[in-house]
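Trainee: May we go through the reasoning behind the terms used for this model?

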Amino acid sequence: KEMTYLDTTESTQIVAHKLAQEGAREGHIVLANEQTKGKGRLGRNWHSKQGTSISMSLILRPDLSPQKTPQLTLLTAVAVVRALKNQTGINCEIKWPNDVLINGKKLVGILTEMQADPDRVHSIIIGIGINVNQQLKDLDPEIQGLATSLAIEGGKPFERALIVAAVVNEFETLYEHYLTNGFEAIKTLWETYSISVGKYIYARTMREVLYGFAKGITNEGVLLLEDEQGTLHQIYSADIEN
Ligand code: BTN
């Protein structure tokens with residue numbers, strides 16, 4: 001496996017995009033001890049200070065149509081949940097589309113970006129940030145109460161390298177399954193780990209706030225929400241609140 005390890009960098013996503021443009025191969029992993037300008041979804045920041053968290057980006061080059069990339073984000077969340085369970089014994093749950101939580105607090109963020117033409121994907125960069133050894137005081141004031149770490153939840157520190165290896169292994173297994181057999185089994189797994197499906201939720205989209213019953217996800221990873229008038233909404237992008 002090809003891997004780029006950096007002590008400090010702005011964002012492993014930026015490094016991975018650059019490597020992808022320069023021809024890095026599928027499976028290339030970018031890992032950093034610290035990010036100074038970690039990127040979150042929707043233009044947000046992602047805090048990842050020295051030595052306490054996992055910041056990694058995977059470069060993929062699947063032969064997929066761009067519409068299918070959300071499936072890979074969902075697959076990644078499943079891989080992380082399974083790896084954390086195996087490696088630490090801690091049970092996490094998934095909030096659509098890609099937050100991994102413990103007891104309602106965010107532990108993992110996943111950011112999928114791609115370089116693509118309308119009909120062809122050149123590369124997909126999947127960024128994974130895991131809060132590992134932060135204590136409560138290390139969490140940024142603005143996210144205290146909303147975020148947590150494995151050490152906070154597990155009551156002891158964890159070895160980051162072992163968790164990285166577990167995530168990569170689990171991802172590889174699911175990704176190979178996905179490329180040969182499609183999304184069906186991954187979708188079923190995702191639904192079993194999800195805290196959104198089967199519940200009444202708020203979905204805050206760019207345009208409006210919807211309230212309704214989360215019926216499930218489609219094969220494209222779109223969230224299906226039935227509002228109180230019985231109208232079915234397809235949610236492509238939103239913040240979800242239970
Ligand atoms: C989110 O908003 O929940 C997504 C956060 C994604 C953070 C990871 S950390 C590794 C990779 N590099 C980044 O700059 N962001 C992603």
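Mentor: The following exchange sets computed values against the criteria behind each term, for a model that is predicted.

Trainee: Why is D227 called partly exposed?

Mentor: D227 has 13 other C-beta atoms within 10 Å. A residue is buried at 20 or more such atoms and exposed at 12 or fewer, so D227 with its 13 is partly exposed.

Trainee: Where does D227 lie, and with which residues is D227 in contact, leaving aside neighbours within four places in sequence?

Mentor: D227 belongs to strand β11, residues 223–227. With those neighbours set aside, its contacts are L210, Y211, G212 and H233. In addition, the C-alpha atoms of D227 and F213 are 6.4 Å apart, although their positions lie 14 residues apart along the chain when counted as a separation.

Trainee: What makes α2 largely enclosed by the rest of the structure?

Mentor: Of the 20 residues of α2, 16 are buried. Each of those 16 therefore has 20 or more other C-beta atoms within 10 Å, and α2 is on that count largely enclosed.

Trainee: How do you know that the span of α2 is close to the one expected?

Mentor: From its first C-alpha to its last, α2 reaches 29 Å, and the expectation at 1.5 Å a residue is 28 Å. The expected value is 1.5 Å times one less than the number of residues, and α2 has 20 residues. After α2 comes G89, with a positive phi near 80°.

Trainee: What does α2 give to the largest nonpolar core?

Mentor: That core has 60 residues, and A77, V78, V80, V81, V167 and W190 touch the most other members. Helix α2, residues 69–88, gives the most, with ten residues. At least three residues come from each of domain 1 (3–193) and domain 2 (200–241). As for V81, its contacts beyond four places in sequence are C92, I94, V100 and Y193.

Trainee: How do you know that domain 1 and domain 2 touch?

Mentor: Their centres, taken over C-alpha atoms, are separated by 24 Å, yet the contact takes twelve residues from domain 1 and seven residues from domain 2. Contact requires C-beta atoms within 7 Å. On the side of domain 1 that touches domain 2, α2 gives the most, with four residues. By class, that side has six nonpolar, three polar and three charged residues.

Trainee: Which residues come nearest to the ligand?

Mentor: Among the 21 residues around the ligand, S11, G40, G109, G127 and G129 come nearest. The shell divides into five nonpolar, twelve polar and four charged residues. Glycine counts as polar, so G40, G109, G127 and G129 fall in the polar class.

Technical notes
Residues numbered from 1 in each chain as written. Predicted model: local features only at pLDDT ≥ 70, side-chain atom pairs only at ≥ 80, totals over all residues. Core = buried A, V, L, I, M, F, W, Y, C linked by C-beta atoms within 7 Å. Helix = DSSP H or I, 4+ residues; strand = E, 2+ residues; numbered from the N terminus. Domains from an automatic or database assignment. Contact = placed C-beta atoms within 7 Å. Near = placed C-beta within 6 Å.
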